[in-house]
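Trainee: Could you take me through one part of this model up close? I'd like to hear how a single side chain sits in its surroundings, and then what lies around it.

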Amino acid sequence: MTAPSPHHAPMAALACWITGPSRAEIRAETLGPLREGEVRVRCLHSGVSRGTEGLVFRHEVPASEAQRMRAPFQVGDFPSPVKYGYVSVGRVEAGPADLLGRVVFCLHPHQTVFQVPAAAVTPLPEGVPPARAVLAANLETAVNALWDAPPRVGDRVSVVGGGTLGLLVAWLAARMPGCAVQVVDTNPGRAALAQALGADFALPEAARGEADLVVHASGHPAGLATALRLAGFEATVLELSWYGTRAVPLPLGEAFHAQRLTLRSSQVGQVATAQRARWTHGRRLALALSLLTDPALDRLITHHAPFHELPQVLARLAAGDRDTLCQRIDHPA
């Protein structure tokens with residue numbers, strides 16, 4: 001009797017599911033036969049998006065945003081049970097010949113093995129290690145942000161919030177000729193990292209004012225108030241934080257109107273208006289991956305844990321852990 005092709009034999013996988021408010025568990029599932037045009041990917045690493053996944057984990061996704069908040073290949077509906085996530089790096093072990101053996105990035109939930117259309121994966125460029133590629137989604141968001149509000153040559157740029165996203169924005173902006181970039185955060189431990197990425201650092205009370213562009217990425221209303229305070233006359237404050245169901249008080253009195261400030265949102269779900277006519281999501285992701293050749297970015301991946309600990313990791317991050325920047329999850333071989 002002929003053995004079934006490994007492409008058609010059932011394949012066991014493990015996936016992380018959010019099962020209730022601030023609860024998650026690892027569940028087993030069986031993948032069906034690989035279909036024409038699909039790839040089977042064995043995950044090497046996945047990454048936790050602290051802000052968005054924290055809101056999902058805590059059941060803080062507004063009902064009005066439930067459809068817009070759906071991730072590619074999400075299973076289930078908010079609030080739970082739901083299989084959620086969008087940072088996966090793995091090796092193609094079945095599918096089209098040109099992708100076999102390639103290490104690829106995919107916007108897929110945390111799962112040890114998964115099958116998706118071949119068009120949904122992006123091969124990693126030469127010089128980008130798989131473990132660093134978990135930064136791709138955050139870097140793509142940073143790229144889109146600076147398309148929404150591009151710094152000009154010589155600008156003073158303040159980035160309020162020294163998390164992974166804020167530091168990536170600062171790293172990009174610091175490469176603009178003449179730009180003086182300052183990261184503003186309440187944690188003085190971020191200073192050395194900001195400086196390693198080409199930016200200055202200040203605590204909020206000592207931060208430089210009169211900025212030409214302020215990017216807010218702290219995730220806290222107090223950070224947004226600081227961002228408004230640091231903006232110079234007719235400057236733009238770009239808001240990258242998303243608050244889910246939380247209300248956000250803002251000091252829109254004081255000097256807000258006299259300074260003629262622009263408060264603008266940026267969100268990665270759409271390509272920035274200035275680029276949308278020419279850029280696709282795929283081209284933007286490929287750009288983000290190509291920028292990950294700098295070893296200095298490894299310092300942003302401060303914590304890693306094995307896949308089976310992911311439910312506990314999500315609980316720790318959602319509870320307000322302040323030390324973790326990018327959290328990498330390492331999958332079993």
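Mentor: Start with the side chain of R132: one of its polar atoms lies 2.8 Å from the backbone oxygen of L292. Keep in mind that this is a predicted model. R132 itself belongs to the loop between β9 (121-123) and α2 (136-148). Is R132 buried or exposed? It's buried, because its relative accessibility is just 5%, and the cut-off for buried is under 20%. Leaving aside residues up to four places away in sequence, R132 touches G127, plus a set that includes L292, T293, D294, P295, L297, D298 and I301.

Now step over to helix α6, residues 281-290. Its buried residues are R284, L285, A288 and L289. They sit on the same side of α6, because they cover an arc of only 140° around the axis. That fits the general pattern: an α-helix has 3.6 residues a turn, so residues three or four places apart point the same way. What do the buried residues of α6 pack against? They pack against β9 and α2, and also against β7 (103-106).

On β7, have a look at C106. C106 counts as buried, because its relative accessibility is 1%. Its sulfur has no bonding partner, because the closest cysteine sulfur, in C43, is 9.3 Å away, too far for a bond. In fact, a search of the whole structure turns up zero disulfides. C16 is in none either, with its nearest cysteine sulfur, that of C43, 12 Å away. C16 is buried too, at 4% relative accessibility.

Key: Residues are numbered from 1 along each chain as its sequence is written. This is a predicted model: local features need pLDDT of at least 70, side-chain atom pairs count only at pLDDT 80 or more; totals for chains, interfaces and linings use all residues. Side-chain values use heavy atoms; hydrogens and water are left out. Helices (H or I, at least four residues) and strands (E, at least two) are DSSP runs, numbered from the N terminus. Buried means under 20% relative accessible area, exposed over 50%, partly exposed in between (1.4 Å probe, protein chains only). A polar contact is a pair of N or O atoms within 3.5 Å; within protein, one must be able to donate a hydrogen and the other to accept it, and residues adjacent in sequence count only if both atoms are side-chain atoms. Contact means heavy atoms within 4.5 Å. A disulfide is a pair of cysteine sulfur atoms within 2.5 Å. The arc is that of the directions from the helix axis to the C-beta atoms.
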